[in-house]
Amino acid sequence: MKNRFFNLILALLCLTCFSIKTNAQAIQAEAKLQQYTIRIGDQTKLFISVRQPVKAHVNFPKLMDTVVSKVQVVSINKPDTAYDQTDKSAITVTQSYTITSFDAGSYTIPGFSIGSENGSAKTNELTLQVETVKVDTTKSIYDIKQPFAVSYTWLDWVHDNWYWIAGPLVLIALIVGAIIYLRKRPKPVAPVVKIVEPLVPPHIVAMNKLKELRDKKLWQQEQVKQYHIELSDIVREYLEKRYVIKTHEKTTDEILASLKRMDITDENRDKLKQILVLADLVKFAKEKPLPAENEGSMDIAIDFVSGTRQADKPVTAEGGTPHV
C-alpha cells in the first residue's frame, strides 16, 4: 500500500517537472548576423528570431541609436512571420535591424532577453568584426584620373531628345490630315428645286401653234403639202390632249370613230372631218387646193379649237378653285 502511494507521488512530481520544462521552453530565441565581418561604413543586418506559440505576444528589444558602443542602428525593419510546417501551433517571428560601424575593431553583441506571457528566452552572443580598408604602401601616390572624353553625335542627341522631334511631326501630320480631309470630304448637295411650270390649256397651245403656222406662209411659198401636214398635226395633238385619245398613226376614219362618244357637236365634227380629209388628199392624192381652200382650212381649224375648248374653271379670291 505504501509503495503504491509512493509511486503516485513520484508520477505527479515528474508531470510537474515536465510541465515546468515545457513552459520554460515555450519560446526559443536566436540571434545572427547577415555578415559577421564588414568594412568601415558598410552595413549588415542583425536578425533576432523567436519561435513561439501562435497566439503569444513577444517583446523584442527596443534598439534606439546603438546596439553597443560604436555599433549604430541605421533602421529597424518590419518583423517577418513564418509558420512552422511541422507544428501548426508554433510560429517563428524574425525582427531585423540594419547596423553599421565607422570604427575598426571587434565588437561583442550581447544576448537580448525576450519576454512573453509564456515565459522568457535569451539570445546568443554575437561578434561583429569591422575592418579598415587596406592600403598598399608599396605603390606610389598618383593623381586622380581625369574624366574620359566621350563623343556625342547627332544620333545621340536625337536619342536623348526624340520627344521634341516626334511632337512637332505628329502635330504637322494631324494638320495635313485635317486639310486633306476637309478638301476631299463630300460637299453637301444643294437640294434640286424643280420649277413646275403652270399647265397651259390645250386650246391655248393649239391656238399659238396655228398662229405660228399662219405666219410661216407655207402655202403662199408653194409648200402646200407641208402646210397641210403641220395643220393636221396641230389638230391631232389638240385632240389627244383635249379628249385623251390616240390620234397619231391613225386614219381620219379611226379618229372620227374615237370621237363618237365624246361631248362634241355635229357641226364641230364636220369641221374636223373637213380639215383632216383635205389634208389626206393633199398628202396622199397630191391634191392641189385653191388658195381659198388653204386659207379656209386654217380658219376652220381655229373655229374648231375655239368651239371645242374646255370651259375655264372659276377661280376664288384665294386663287384656288371653289369646292363643289
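## Strands 1 and 3

Strand 1 and strand 3 (residues 43-53) run antiparallel, with 6 bridges joining them. One of the matched positions is A29, which sits opposite V50 in strand 3. Keep in mind throughout that this is a predicted model.

Which residues of strand 1 are on its covered face, and which on its uncovered one? A29, A31 and L33 take the covered side, while Q28, E30 and K32 take the uncovered side. That fits a general habit: side chains alternate between the two faces of the sheet in a regular strand.

## The loop after strand 1

Q34 lies in the loop that links strand 1 (28-33) to strand 2 (37-39). Is Q34 buried, exposed or partly exposed? Its relative accessible area is 48%, and the exposed class needs over 50%, so Q34 ends up as partly exposed.

If you skip the neighbours within four places in sequence, Q34 touches T44, K45 and F47. Strand 3 covers residues 43-53, so those contacts of Q34 can be looked up there. Across the chain, Q34 and S96 are 62 residues apart in sequence, and their C-alpha atoms are separated by 9.8 Å.

## A three-strand open sheet and a hairpin

Another piece to look at is an open sheet of 3 strands, in the order 4-10-11, with antiparallel pairing. Why is one side of strand 4 and of strand 11 left without a neighbour in the sheet? Strand 4 (58-59) and strand 11 (119-122) stand at the edges, and each has a single partner strand, so there is nothing in the sheet on the other side. Strand 4 pairs with strand 10 (residues 113-116) in the antiparallel sense over 2 bridges, and N59 is found opposite G115 of strand 10.

Strands 7 and 8 make a hairpin, with 6 residues between them. Strand 7 (residues 80-83) and strand 8 (residues 90-100) are antiparallel and are joined by 4 bridges. A82 has T92 in strand 8 as its bridge partner.

## The cavity

How many cavities of 30 Å³ or more does the structure hold? There is 1, and the largest cavity has about 40 Å³ of space in it. Helix 4 (202-216) and helix 5 (224-243) are the elements that each give two or more residues to its lining.

The residues around the largest cavity are P202, V205, A206, K209, I234, E237, Y238 and K241. Sorted by class, that makes 5 nonpolar and 3 charged residues, with no polar ones.

## The largest pocket

The largest pocket holds about 240 Å³ of space. Its lining is made up of W219, E222, V224, K225, V282, K286, E287, K288, P289, L290, P291 and N294. Helix 5 and helix 8 (291-308) are the elements giving two or more residues to that lining. The class split here is 6 nonpolar, 1 polar and 5 charged.

E222, one of those lining residues, has an unusual backbone angle to check. Its place is in the loop between helix 4 and helix 5, and its phi is near 65°, a positive value in a residue that isn't glycine. For context, most residues other than glycine have a negative phi. E222 counts as exposed, with 70% relative accessibility.

## The loop between helix 5 and helix 6

V244 is also a non-glycine with positive phi, at about 55°. You'll find V244 in the loop between helix 5 and helix 6, where it counts as exposed at 70% relative accessibility.

T247 lies in the loop between helix 5 and helix 6 (252-258) as well. Is T247 buried or exposed? At 0% relative accessibility, T247 counts as buried. Neighbours within four places in sequence aside, T247 is in contact with R236, E237, L239, E240 and I255. One of these, E237, is in the lining of the largest cavity too.

## The whole chain

Stepping back, the protein has 8 helices and 12 strands. Of its 324 residues, 27% are buried. Among contacts with a separation of 6 or more, 62% come from residues 24 or more positions apart. The protein exposes about 24,500 Å², with carbon and sulfur atoms supplying 58% of that area.

Terms used. Residues are numbered from 1 along each chain as its sequence is written. This is a predicted model: local features need pLDDT of at least 70, side-chain atom pairs count only at pLDDT 80 or more; totals for chains, interfaces and linings use all residues. Side-chain values use heavy atoms; hydrogens and water are left out. Two strands pair if DSSP finds at least two bridges between them. Buried means under 20% relative accessible area, exposed over 50%, partly exposed in between (1.4 Å probe, protein chains only). Contact means heavy atoms within 4.5 Å. Accessible areas come from the Shrake-Rupley method with a 1.4 Å probe; for residues, only the protein chains shown count as cover. On a 1 Å grid over the protein atoms alone, a cavity is a set of points where a 1.4 Å probe fits but cannot get out, and a pocket is an open set with protein on both sides within 12 Å along at least five of seven lines; lining residues have an atom within 4 Å of a point. Grid points are joined across faces, edges and corners, and a volume is the space filled by probe spheres set on the points. Ala, Val, Leu, Ile, Met, Phe, Trp, Tyr, Cys and Pro count as nonpolar, Asp, Glu, Lys and Arg as charged, and the others, Gly among them, as polar.
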